[in-house]
Every structure is written in structure tokens, then in C-alpha cells.
Number of protein chains: 2
Amino acid sequence: MEDNVVYIGTKPVMNYVLAVVTQFNAGAKEVCIRARGKTIVRAVDTAEITVRQFLTDVDKKEVSISTEAVETDAGPANVSVIQIVLSRK
Amino acid sequence: MEDNVVYIGTKPVMNYVLAVVTQFNAGAKEVCIRARGKTIVRAVDTAEITVRQFLTDVDKKEVSISTEAVETDAGPANVSVIQIVLSRK
């Protein structure tokens, strides 16, 4: 499971959709999409586009949110995290 | 349940945290936080700040994502939606 994680960054959303699709096509049963802070929106877009347009045999299995402590230039801060698990039906 | 919905917009996150806390303090058993598009991040922040800092007897009951069709100046488009249900323990 931990091998099949796609971390969302600041690239265009289709880059991450492609990464998820590639992992499923390589045989993964589940793929986990993770993002924090402002990239959370892109994680949701990635999951929605993947299951609606590319892999209709894949379901959203679980969506969870949490908080992580990070170090910034201005000192410690909390950042929100989202994890979306997609699973082949 | 439908009465206790907080729609996330573009105001500072603490406005929405206050709205959620107010609904719980008025006796709500559950409060639903909804957001779409770029405000999804703020919905996650609202939920996390509420349960971590203000209402420690409230849990994240369910997080779900979906897609809605919207009309824009450039024609129809899809937008991602998040719904976070908070529930008093």
C-alpha cells in the first residue's frame, strides 16, 4: 500500500491523474493520493477526474483529513492534510 | 441535518470555525461543512481547527468528495466538492 502513494504538488492536475492511472495499470489494487495545504484542492480534482473519466472500475474507498505540524520560516505551524484512497472494484 | 450546513466561501477561516461552533453550541448534534473548488482547503482547515482547538468532544464523522456541474462564463464546467460531517461524541 505505501508503495502506491501519489503526492500532490503544484504541477497541473493531469500530471497526477496520469500518475494514478499508471499505478493502477501496473497492477496496483489501491492507490493513495496525499496532499497538504493549498494542494488539497488538486488532490480532490485528481481523484474525481480519475474515477469519472479514466478508471470507471475504480472507487473512492476512503477520504480522511488530518493535521500535520510543519516547520516554516516563521516557526512551527499546522497544516491540513487530505488522504484519498482509490480502490479497484 | 440539512439545517446545520456551513457553506465555505472566501472569508477568513475563523469566520467558518465560529459558524460551526455556534451551531454546536445551539444544540446541533451534527454540522455539515460544504465547499467547492478553491475553497475546499478552507473547509478542511475549518474542520481541523474546530475539532482540535474548540470542540474536543466533536469528531469527524464522514468526509466525502464529489463533482458538480456548474455554468461559467466559458460554458459548463465540472467543479470538485467536499462535504465534511462533524458529530458530537
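## Helix crossing in chain A

The crossing of α1(A) and α2(A) is right-handed. This is a predicted model. Helix α1 of chain A covers residues 13–25, and helix α2 of chain A covers residues 40–54. Their axes come within 9 Å and cross at roughly 55°. That angle makes α1(A) oblique to α2(A).

Which residues of α1(A) and α2(A) meet? From α1(A) come A:Val13, A:Tyr16, A:Val17, A:Val20 and A:Val21. From α2(A) come A:Arg42, A:Asp45, A:Thr46, A:Ile49, A:Thr50 and A:Phe54. By class, this contact holds seven nonpolar, two polar and two charged residues.

## The sheet of chain A

Four strands of chain A form an open sheet in the order β1-β2-β4-β3, with mixed pairing. Strands of a sheet pair through backbone hydrogen bonds, either parallel or antiparallel. Strands β1 (5–7) and β3 of chain A stand at the edges. Each has a single partner strand, so one side of each is left without a neighbour in the sheet. On average, neighbouring strands of this sheet are turned by 20° against each other, direction ignored.

Helix α2(A) packs on this sheet and touches β2, β3 and β4 of chain A. The direction of α2(A) makes about 5° with that of β4(A).

## Strand pairing

At one edge, β1(A) runs parallel to strand β2 of chain A, residues 30–36. Three bridges join β1(A) and β2(A). One pairing sets A:Val6 opposite its bridge partner A:Ile33 in β2(A).

Is the pairing of β3 and β4 of chain A parallel or antiparallel? Strand β3 (residues 58–72) and strand β4 (residues 75–88) of chain A pair in the antiparallel sense, over 14 bridges. Within this pair, A:Thr67 has A:Ser80 of β4(A) as its bridge partner. The two strands β3(A) and β4(A) form a hairpin, with two residues between them.

## Contact between the chains

How many residues of chain A are in contact with chain B? There are 16 in chain A, and they contact 16 residues of chain B. On the chain A side, α2, β3 and β4 of chain A are the elements that give two or more residues. The largest share comes from α2(A), with seven residues. By class, the side of chain A that touches chain B has seven nonpolar, four polar and five charged residues.

Helix α2(A) thus appears in three settings. It meets α1(A), it packs on the sheet, and it gives seven residues to the side that touches chain B. Strands β3 and β4 of chain A also recur: they form the hairpin and are among the elements on the side facing chain B.

## Symmetry of the two copies

A turn of 180° and a shift of 0.0 Å along the axis lay chain A on chain B, with an RMSD of 0.0 Å. That is the relation of a two-fold axis. Of the interface residues of chain A, 100% are also interface residues in chain B, so the copies meet through the same surface.

## Helix crossing in chain B

In chain B, the axes of helix α1 (residues 13–25) and helix α2 (residues 40–54) come within 9 Å and cross at roughly 55°. That makes α1(B) oblique to α2(B). The crossing of α1(B) and α2(B) is right-handed.

On the α1(B) side, the contact is made by B:Val13, B:Tyr16, B:Val17, B:Val20 and B:Val21. On the α2(B) side, B:Arg42, B:Asp45, B:Thr46, B:Ile49, B:Thr50 and B:Phe54 take part. The class split for this contact is seven nonpolar, two polar and two charged residues.

Notes: Residues numbered from 1 in each chain as written. Chains lettered and ligands numbered in written order. Predicted model: local features only at pLDDT ≥ 70, side-chain atom pairs only at ≥ 80, totals over all residues. Axes fitted to C-alpha atoms, helices over the stretch in contact; angles between N-to-C directions. Parallel < 35°, antiparallel > 145°, perpendicular 65-115°, else oblique. Left-handed = near helix turned anticlockwise from the far one by under 90°. Contact = placed C-beta atoms within 7 Å. Nonpolar A, V, L, I, M, F, W, Y, C, P; charged D, E, K, R; others polar. Pairing = 2+ DSSP bridges. Least-squares fit on C-alpha atoms with pLDDT ≥ 70 in both.
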